[in-house]
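Here are some notes on the model you asked me to look over, set out as numbered points. I have kept to what can be read from the coordinates and the record.

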Amino acid sequence: MKQFNGNIAILGSGNIGISLAKGLVKANYAKPGQISLTRRNVDHLSPFAEQGFVVSGDNAAVVATADVVVLAVLPQQLNQLMDQIRPAIDLKKHLFISVASGVSCADIRNKLGAEAQVVRAMPNTAIAIGQSMTCIATDQASAEYMEEVTRMFETVGAVVKINEDLMTAATALCACGIAFFLRGIRAASQGGVEIGFHADEALKMAVQTAKGAADLLLQMQSHPEQEIDKVTSPKGCTIAGLNEMEHNGFSSSLIKGIKLSAQKAGALYTKE
Ligand SMILES: NC(=O)C1=CN([C@@H]2O[C@H](COP(=O)(O)OP(=O)(O)OC[C@H]3O[C@@H](n4cnc5c(N)ncnc54)[C@H](O)[C@@H]3O)[C@@H](O)[C@H]2O)C=CC1
Ligand SMILES: O=C(O)[C@@H]1CCC=N1
């Protein structure tokens, strides 16, 4: 069984890279000193250096000290990054985890080497607080590497293994999805202000209500419509509001947005 010594390089420590680093430390998967963070402008990482993370602008140097290499740059930035790290790669040692949208394991192996162990992961920003929905996929990585990736992401939320051809769909539903639900909460709070609450209390009420809705489904293992049926009293105010929202395209707009995001998620990377 391969042993991972726990040194993780997160290359491209922007929004998702930093969220991942915070989540792994919070979950005790790794200590800050075991995680190297890189970014083009290293000055932006100084708060993390103060917390004990290793910060660097030299991708190849941190890859040389790591077992697990997380590729967390934009799809459009990935080819350049892979060119930078190729000389430092040890194909027998490194596990590559790519969170880049729309870049296949085969695309990455084409750049890093045919023997590279590559797993794709699609987390969302709730990873920072251990509440990510992370989908993972590979085409060729060995079972022990997949197990390690599963173990890593299970410390920071729920994990579902999927076929690689569904990764762009997972991107839209889960990674972009967190923004869609957040916008829903924001819209609800704005409605709350129109009907009489101050903005801060309206937001607090909308957030707790959304949390209750999600927890109902998680804890009762029920279907949303089952729970909705319990709220909609005959001739009542809930069904009146709900139907008004549907007449205005509520479900339809969410479905259409998710479909467009999925299309876009698959078209961000250009092979070289
Ligand atoms: N933001 C999110 O919620 C999620 C993003 N992703 C994926 O994660 C990747 C990153 O997305 P974000 O974090 O949103 O973008 P971001 O722009 O916040 O972060 C990317 C970081 O990479 C750095 N960077 C670019 N080239 C570099 C290089 N050669 N060496 C070192 N650092 C470099 C940039 O300076 C930037 O800080 C994308 O591929 C995206 O598809 C996946 C899941 C969720
Ligand atoms: O918006 C994006 O392209 C990235 C991928 C998933 C979440 N954020």
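The points below take the two ligands in turn and then the annotated domains.

1. Please keep in mind throughout that this is a predicted model, and that the distances and areas quoted here are computed from it.

2. The surroundings of ligand 1 comprise 22 residues, and those that come nearest are Asn-15, Ile-16, Asn-59, Ala-72 and Val-73. Sorted by class, this shell holds 11 nonpolar residues, nine polar residues and two charged residues.

3. Two of the nearest residues also make backbone polar contacts with ligand 1: a polar backbone atom of Asn-15 is 2.9 Å from an oxygen atom of the ligand, and a polar backbone atom of Val-73 is 2.7 Å from an oxygen atom of the ligand. A side chain contributes as well, since a polar side-chain atom of Gln-84 lies 3.3 Å from a nitrogen atom of ligand 1. Taken on its own, ligand 1 has 820 Å² of accessible area, of which the protein covers 85%.

4. As for the helices, H1 (15-26) and H4 (75-85) each supply at least two residues of the shell around ligand 1. Which helix gives the most to that shell? The answer is H4, with four residues.

5. Ligand 2 has Thr-171, Ala-175 and Leu-268 around it, and the protein covers 45% of the 250 Å² of accessible area that this ligand has on its own. With regard to pockets, ligand 1 sits in the second largest one, and ligand 2 likewise sits in the second largest pocket.

6. The UniProt record, an unreviewed entry, assigns residues 8-102 to "domain: Pyrroline-5-carboxylate reductase catalytic N-terminal". Over residues 8-102 the model is 36% helix and 20% strand, with the end C-alpha atoms 23 Å apart.

7. The unreviewed UniProt entry also lists residues 164-266, under "domain: Pyrroline-5-carboxylate reductase dimerisation". Across residues 164-266 the chain is 82% helix and 0% strand, and the C-alpha atoms at the two ends are 12 Å apart. I would ask that both domain names be quoted as coming from an unreviewed UniProt entry.

Terms used: Residues are numbered from 1 along each chain as its sequence is written. Chains are lettered from A and ligands numbered from 1 in the order in which they are written. This is a predicted model: local features need pLDDT of at least 70, side-chain atom pairs count only at pLDDT 80 or more; totals for chains, interfaces and linings use all residues. Side-chain values use heavy atoms; hydrogens and water are left out. A residue is near a molecule or strand if one of its heavy atoms lies within 4 Å of it. A polar contact is a pair of N or O atoms within 3.5 Å; within protein, one must be able to donate a hydrogen and the other to accept it, and residues adjacent in sequence count only if both atoms are side-chain atoms. Accessible areas come from the Shrake-Rupley method with a 1.4 Å probe; for residues, only the protein chains shown count as cover. On a 1 Å grid over the protein atoms alone, a cavity is a set of points where a 1.4 Å probe fits but cannot get out, and a pocket is an open set with protein on both sides within 12 Å along at least five of seven lines; lining residues have an atom within 4 Å of a point. A molecule sits in a cavity or pocket if more than half of its atoms lie within 2 Å of its grid points. Ala, Val, Leu, Ile, Met, Phe, Trp, Tyr, Cys and Pro count as nonpolar, Asp, Glu, Lys and Arg as charged, and the others, Gly among them, as polar. UniProt positions are given in the numbering used here, feature names are shortened, and annotations may be inferred rather than shown by experiment.
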